[in-house]
Amino acid sequence: MTEVVDGSFVKVVVFQLADKEYVIPVSQVQGIEKLIHITRVPKTPSFVKGVINLRGVVTPIIDLKNRFGLGESSLDDSSRIIIITQNEMEVGIVVDSANDVLDIPTDLIEPQPEVVGGLESDFIAGVAKIERRLLILLDLDLVLNPIKVGV
Amino acid sequence: MDTTQYLEMFIEESREHLQACNEHLLILEKNPSDIAIVNEVFRSAHTLKGMSATMGYEDIANLTHKMENVLDEIRNNKLHVTPELLDVVFIAVDQLEEMVLDIASGGKGKLDVTSTVQKLHAIETGMEIPLAATIVAPIETIESAENSKTNLLSYDDYELTIIQQSFEQNYSTFEISVSLRDDCLLKAARVYMVFELLEKMGDVIKSSPTVERLENEDFDQSFTVALVTVEEKEVVQKKLMKVSEVTEIIVNEFSIEKLKTRQKDKSQNNEQNQLIQGNVKEDLQEDFVNEEEQGKVSTSKTTVAIGNKTIRVNIERLDILMNLFEELIIDRGRLESISKEINNNELDETVEKMSRITGDLQNIILNMRMVPVETVFNRFPRMVRQLTRDLNKKINLEIIGAETELDRTVIDEIGDPLVHLIRNSLDHGIESPEIRKANGKPEEGTVVLRAYHSGNHVYIEIEDDGAGINRQRVLKKAISKGVVSESDAASLTDQQVAKLILSSGFSTVEVLSDISGRGVGLDVVKTTIESLGGTIEISSTEGKGSLFSIQLPLTLSIISVMLVELEKEIYAVPLSSIIETAIIKPSDILNAHNQKVIDFRGKVVPLVFLEDVFEVPKYSNEEKYFSVVIVRKGEKMAGLVVDTFIGQQEVVLKSLGTYLSSVFAISGATILGNGKVALIIDCNALIK
């Protein structure tokens, strides 16, 4: 579960994937980067786009859309990389666009509805409905579960 | 002159000298008549004696002094080197090591060395055990207590020896009493200036009050020092008077005779100490005789300052330095590629110069972290000697490649596992001389300890020509311990069987000895090595011997690589695994059992098509020629087929992070001059 600030509000970054809006607590976001050259890493699952040079640190990049089984992200100028820290591990996720920072009252966050099908439901920590927007809170622990491939 | 700042240096140097003693004694044991070696040991012991006396470690000084006497007798052909004699000397060195270790861990370096001192003395004097030698240590404390009362200098036997020797060398000894002005504010600063002057002129061998107290300004207006110098009395006085706020300098020349009478007076005044003081004199006289015999080697040594200055740096700081330097290297790469594009002469020159300087800097920084494995290896000859005696075996230890360098962090960890493995080889590997003879082997077994670089790794091997690993016995044991099931056992290869001895709770020797543990040892070895990112392999032939091979990563963070291109992707191959590069025609490629191979200088080398292994997206097809990088892993070779060679470059090794913790055949990544990331190929994973 993602951490809750002050018990009343969570500050989150909102980003878009396909048509849905997802949120990640701001405390775990290191920064949002424009798309730069990604070096492919062979023999990794398809959602691992590769690695980038993030100011001297080699940072792995994953494609959330692919991870959720929603198809491949088309990388273009509006694509953004959100750098997340989780358990002292830095990972970048490719999103269609990152457009907002919001305060969500914690009491608006509900556990995920059981009917939300699809692979992505495995990664959801909760949902929040604000005005007319449905924001999906991601469980980064599950999304960023380290992968071991090869030997 | 607070001694604590010299403590680190003292400990380091003491260790070096003790190690030198150990090594030379071992050589001496093999060549008992070689006086040159005795001289070496003597020199080490003598320096140690001087250092420890200066630092105030009486027990060490005392023990080394006696050791020195024995060595001197050997040197003068009055004694002969026998195993018994060496045993005692070895015990003495052991105790010295123990004391130094104690000091290093914050102790006082005290140890009851009486019995060893007596033994040494017995050897020296031909089996008589005088009482005097045993009470030397306590006297010093009583004497120093007196010093503070009377403010007259008195000397222990070591200091007297120096004075005596300096007389022989035409040095004079002065007792100088320095008085400072009553209103002197910074007494410690004046003391420092006085000492600095004194040390330019000669050696200060004693001061009262002690140096620590002088530094803490814990004295009245005056203090007394003893100086050994070649300067004239007047010169000394004049020079010292130049220090401001010094009111009076009294310089007294003195001889041993004067001193003796003074000490006699003192002992008469003090009835309580009479008996002990008497002993001192006896002991002194005895020492004088010995010292005179020692001649010039020792006297010149006392005045030689300890060179080779070192400082200790926290390894964390080196890591920070390294990280900063890595960033610099990346920017250097970037500058190089920019200057190539711009093609401006002045820029090129500057960048070139910067490259050279950073290159030098890099060597220095890397070398700071590298330590030869010698520092670990050099304790083994001694250990093997001891063990062979305990085990009643004849074993020769051969060390090859002790100069191989490894990162400090690895060095610190590798010691214990090696001790375990060597003990294991000695205890379980090498047979007793009788059995060896019966099996037609030379009585003396051989254990080879070998270190070498290969590829991105350092290998440390322990090879013995002993009994090897008995497959049946190991299997039987493993099954009874539940390490493997009976059905699996039959299908295991010999190498797999050998590896079973590394599993926990395994020990095949029916009678446990205290030499090689209780069956936990080899398991710990494996764990430690794996925690260092290394691996351990065992190959063994029954009746012929075993080979334990440890592969350790060179935790170098900057490596030389060859950059290669695969379609549009750039990969780096560590230069250390490359034998050479070649360009071959498709017709050179042969097929052998579904494996494409080439004939490379008479050897059949399998080809690895990196494009296929790395599933590189293909744009073009059909090559006229193939570019091949021939790489090796130990003895084995492989040819990596790439599209083009780009060139050689120094790069910073970066990890892919915890998220991508183990990717097949990729050992890490690096950042190129253009800011892009290139992956570093792990050749070892590609060679089967």
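Chain B comes out with an average pLDDT (the predictor's confidence in each residue, from 0 to 100) of 76, and 82% of its residues score at least 70. This is a predicted model, so local features need pLDDT of at least 70 and side-chain atom pairs count only at pLDDT 80 or more, while totals for chains, interfaces and linings use all residues. Residues are numbered from 1 along each chain as its sequence is written, with chains lettered from A and ligands numbered from 1 in the order in which they are written.

Chain B has some weak spots. Over residues 128-151 of chain B the pLDDT stays under 50, and the model has 38 contacts there beyond four places in sequence; a contact is a pair of residues whose C-beta atoms, placed from the backbone, lie within 7 Å. Residues 510-520 of chain B are also below 50, with 20 contacts in the model beyond near neighbours in sequence. Where pLDDT is low, the predicted coordinates should not be read in detail. For the complex, the predictor gives an ipTM of 0.82 and a pTM of 0.46.

**Where the chains meet**

Each side has its share of the contact: 25 residues from chain B and 25 residues from chain A. On the chain B side, two or more residues each come from α14 (315-342), β21 (660-662), β22 (666-671) and β23 (677-681). Helices (H or I, at least four residues) and strands (E, at least two) are DSSP runs, numbered from the N terminus. That side of chain B divides into 15 nonpolar, 5 polar and 5 charged residues. Here Ala, Val, Leu, Ile, Met, Phe, Trp, Tyr, Cys and Pro count as nonpolar, Asp, Glu, Lys and Arg as charged, and the others, Gly among them, as polar.

**Chain A and its strands**

Chain A has 2 helices and 12 strands, running β-β-β-β-β-α-β-β-β-β-β-β-α-β from the N terminus on. Of its 151 residues, 37% count as buried, that is, with 20 or more other C-beta atoms within 10 Å of their own; exposed means 12 or fewer, partly exposed in between, and C-beta atoms are placed from the backbone.

In chain A, 6 strands make an open sheet with mixed pairing, in the order β8-β1-β2-β11-β10-β9. Strands β8 (97-105) and β9 (109-110) of chain A stand at its edges with a single partner strand each, so one side of each is left without a neighbour in the sheet. Strands count as paired if DSSP finds at least two bridges between them.

Some antiparallel pairs from both chains:

| Strand pair | Bridges | Partner residues |
|---|---|---|
| β1(A) and β2(A) | 6 bridges | Phe15(A) and Tyr22(A) |
| β3(A) and β6(A) | 5 bridges | Lys34(A) and Arg80(A) |
| β6(A) and β7(A) | 7 bridges | Thr85(A) and Glu90(A) |
| β9(B) and β11(B) | 8 bridges | Ile460(B) and Ile550(B) |
| β10(B) and β11(B) | 7 bridges | Ile538(B) and Phe548(B) |

Two of these pairs are hairpins. β6(A) and β7(A) have 2 residues between them, and Asn87(A) in the turn has a positive phi of about 50°. β10(B) and β11(B) have 3 residues between the strands, and Gly543(B) takes a positive phi near 85°.

**Cores**

A nonpolar core here is a set of buried Ala, Val, Leu, Ile, Met, Phe, Trp, Tyr and Cys residues joined through C-beta atoms within 7 Å. The largest one has 82 residues, of which Val573(B) and Leu640(B) touch the most other members. Its largest share, 6 residues, comes from strand β1 (residues 9-17) of chain A. Beyond four places in sequence, the contacts of Leu640(B) include Val573(B), Val608(B), Leu610(B) and Leu686(B). Another core of 56 residues lies apart from the largest one, with Ala53(B), Ala92(B), Leu160(B) and Val178(B) among its members.

**Two residues in chain B**

His46(B) sits in helix α2 (residues 35-55) of chain B. It is buried, as 23 other C-beta atoms lie within 10 Å. UniProt, in an unreviewed entry, places "modified residue: Phosphohistidine" at His46(B); such annotations may be inferred rather than shown by experiment, feature names are shortened, and positions follow the numbering used here.

Val251(B) belongs to strand β4 (residues 246-253) of chain B and is partly exposed, with 18 other C-beta atoms within 10 Å. Its C-alpha atom is separated by 4.5 Å from that of Ile176(B), 75 residues apart along the chain. Leaving aside neighbours within four places in sequence, Val251(B) is in contact with Phe174(B), Ile176(B), Lys233(B), Val236(B) and Gln237(B).

How values were computed:
Two residues are in contact if their C-beta atoms, placed from the backbone, lie within 7 Å.
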